[in-house]
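Reader: I should like to learn how the terms used for a protein model are justified. Could we work through some of them together?

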Amino acid sequence: MEEFYNDIKNVFAKLVEIDSPSLKEKKMAAHIRELFGGIGVELTEDDSAVASGSDTGNLYGYVKGGGSPVLLSAHMDTVMPACGKKAVFGKGGVVHSDGTTVLGADDLAGVTAIYEAVKYVKENCKNHRDIELLFTTGEELYGRGAKAFDCGSLKADTAYILDLSGRIGDAAYAAPTILSFCARIKGKAAHAGFCPEEGVNAITAASRAIAAVPQGRIDQETTANIGRISGGEGINIVAPECVIKGEIRSLRHEKAEALSEEYKKVFEKAVSESGAELSWEVSEDILAYETDLEGRAVTAYREAAQKAGVEARMVKTFGGSDHNVFARYGIEGIVMATSMNQVHTCKEYTNIHEIGKVTEIIIHLLSTCTE
């Protein structure tokens, strides 16, 4: 086992050293292709870069085995600050950054576990399922790379995406719709000291609307937040413009849409009563999914986790992943916890032994000769 963990340690550390902020994943893609090439797995780059805006495409591979194929997926990008990352190894297998950057366990722990599992089954198992591999760009930008991939060409109808925080064994079977909105309010400028009555204050109109809409946790399935507001030209000028941006999340798509419409109506009323004008935009960043708890993806995962000595626990998440994209194509899947903790912060950490346990779960998902 020491050799196994040392290999995980070395693979992970090398991945961490490579800068791969969203849409700048070219060096990471080249290394992952070389890594898998070393075990006889060819990864090809698709033509998604033009659509995604990345400097590279997604990486796709197919490992022939037997039986129905299963899709394993992780993303290549990391959130900022992501340049100059270093893996600092501590006691008990714990790994963290040097405190000036993220570690990148989100999602390099996932990439590592997939590599180790595929390596194991190729070297040790005569019988294993067909394996589809997909490493995406721009996942942190609401799955931009996955959206640009030809998901209709995927052969697998079952997927395991390695991209979740939480205890090992946790897997997300449901994730939300995320809607982003932008309200642009146009008022009328006037000198605030000499003739304020000639102006229409866009900030005042925005304030009335913001005070009237619900925010925070709306219910157990829905949240809403106004996270950015800007406007005005000077403290002695009646503000001629104000821009408000926010998001709505719900595990039920229809709830997200209904709340978005409520927001729009509240803003329209407040702005109209203030004598201003409103421009309202809303975009669907990702679409909610919920995987059948009695279906093939969850059932197989529970069995694999049990064989690995891990308690499987199905959870709902308010975060998105590439599976929000895959699910739209009828692919049944779950998002596995992969030993990523305090993600999107400079306190992010992982554990080599936990990545090993995740690898073991994947091996049981793929193979029939691990007893």
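Strands, helices and buried residues

Author: Let us begin with a pair of strands in this predicted model. Strand S3 (residues 70-75) and strand S6 pair in the parallel sense over 6 bridges. Within this pairing, serine 73 has leucine 134 of S6 as its bridge partner.

Reader: What makes S3 and S6 a pair?

Author: Two strands pair if DSSP finds at least two bridges between them. S3 and S6 are joined over 6 bridges, so the requirement is met.

Reader: How do you know that strand S2 also pairs with S6, and in which sense do the two run?

Author: There are 5 bridges between S2 (residues 59-63) and S6, and at least two are needed, so these strands pair as well. They run antiparallel. Glycine 61 stands opposite leucine 133 of S6.

Reader: Why is S6 called largely enclosed?

Author: The strand covers residues 131-136, and 6 of its 6 residues are buried; therefore S6 is largely enclosed by the rest of the structure. Both faces are covered. Ile131, Leu133 and Phe135 lie on one side, while Glu132, Leu134 and Thr136 lie on the other.

Reader: Why is alanine 29 called buried?

Author: A residue is buried when its relative accessible area is under 20%. Alanine 29 has 2%, so the term applies. This residue is found in helix H2 (residues 26-37). Leaving aside residues up to four places away in sequence, alanine 29 touches Thr56, Leu59 and Met76.

Reader: How do you know that the length of helix H1 agrees with what is expected?

Author: At 1.5 Å a residue, the 16 residues of H1 should span 22 Å. The end C-alpha atoms are 23 Å apart, which agrees.

Reader: Which residues of H1 are buried, and against what do they pack?

Author: Ile8, Val11, Phe12, Ala13, Leu15 and Val16 of H1 are buried. The buried residues of H1 pack against several elements, including H2, helix H4 (105-124) and H10.

Reader: What makes H1 roughly perpendicular to H10?

Author: The axes of H1 (residues 2-17) and H10 (residues 352-366) come within 9 Å and cross at roughly 105 degrees. Angles of 65 to 115 degrees count as roughly perpendicular, so H1 is described in this way relative to H10. On the H1 side, the contact is made by Phe4, Tyr5, Ile8, Lys9 and Phe12. On the H10 side, Ile352, His353, Ile355, Gly356 and Thr359 take part. By class, this contact has 6 nonpolar, 3 polar and 1 charged residues.

Terms used:
Residues numbered from 1 in each chain as written. Predicted model: local features only at pLDDT ≥ 70, side-chain atom pairs only at ≥ 80, totals over all residues. Heavy atoms only, no water. Axes fitted to C-alpha atoms, helices over the stretch in contact; angles between N-to-C directions. Helix = DSSP H or I, 4+ residues; strand = E, 2+ residues; numbered from the N terminus. Parallel < 35°, antiparallel > 145°, perpendicular 65-115°, else oblique. Contact = heavy atoms within 4.5 Å. Nonpolar A, V, L, I, M, F, W, Y, C, P; charged D, E, K, R; others polar. Buried < 20%, exposed > 50% of the residue type's maximum accessible area, 1.4 Å probe, protein only. Expected span 1.5 Å × (residues − 1).
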